[in-house]
Amino acid sequence: MADLNSRADQGQGSLARKAELVTTAGSSLCVLHVVRCTAFTVREQIRNLYRKSDGTYSAYMCKQCHFGPVDHGWCTALNTHHGEAKGETGHVNNACPKCNWFAKSISAWPKWDGKFQTAGASSSSSAPAINVFALSVPELKAELKKYGAGVQGSKPVLQQRLQNMLHPGGAS
């Protein structure tokens, strides 16, 4: 949540200003209150970004773990650019950022319910961790097909492609 707060407040400095005022007051209880209020405010701001006039949300959530909001923009065919290279090291990943569930069409993604998942919370079991470097070429190809990614190339190429799909941004 702290990461969400820092990203949401980045460039605005509102959390920093509040923390500075609280530090001056010298009360750790106040700091906790400010962080909780800020986290609530950030969640409401995110909801407001996606809230439609009828009270539903324009964002989506994962069908497997219910993580949301997920904003796929205006793309309906999610496999079109999934796995596509972006820049020197980036790749488009239209899978769930929490559990890696993927569907080729946006119609398979449920509309977001406005709820935020807490760390580790999941409505169903998340996908098991995969060691891409222990998989055979047929296993690599089968996993890549699940994500709608290309299955051409040597074993190291397939391993790197799957690694990028499962851990976008280089996280492992």
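This is a short walk through a predicted model, from its confidence to its helices and cysteines.

Let's start with how far the model can be trusted. The mean pLDDT of the chain is 73, and 66% of the residues score at least 70. Two stretches call for care. Residues 1–35 stay under 50 in pLDDT, and the model gives them 22 contacts beyond four places in sequence. Residues 120–127 are also below 50, with 14 contacts beyond near neighbours in sequence. Where pLDDT is low, the predicted coordinates should not be read in detail.

Now turn to helix α3, which covers residues 28–50 and holds Glu44. Glu44 counts as partly exposed because its relative accessibility is 25%. If you look across from Glu44, you will find Gly114: the two are 70 residues apart in sequence, yet their C-alpha atoms are 9.3 Å apart in space.

Helix α5, residues 155–166, is a nice one to check with a ruler. Its twelve residues should span 16 Å at 1.5 Å a residue, and the end C-alpha atoms are indeed 16 Å apart, so expectation and model agree. Its buried residues are Leu158, Gln159, Leu162, Gln163, Asn164, Met165 and Leu166. These buried residues pack against β2 (90–91) and α4 (137–146).

Finally, have a look at the cysteines. The whole structure contains zero disulfides. Cys65 is in none, and its nearest cysteine sulfur belongs to Cys96, 3.7 Å away. A disulfide needs the sulfur atoms within 2.5 Å, so at 3.7 Å the sulfur of Cys96 is too far from that of Cys65 for a bond. Cys65 is buried, with a relative accessible area of 0%, and Cys96 is buried too, at 1%.

Conventions
Residues numbered from 1 in each chain as written. Predicted model: local features only at pLDDT ≥ 70, side-chain atom pairs only at ≥ 80, totals over all residues. Heavy atoms only, no water. Helix = DSSP H or I, 4+ residues; strand = E, 2+ residues; numbered from the N terminus. Buried < 20%, exposed > 50% of the residue type's maximum accessible area, 1.4 Å probe, protein only. pLDDT = per-residue confidence, 0-100. Contact = heavy atoms within 4.5 Å. Expected span 1.5 Å × (residues − 1).
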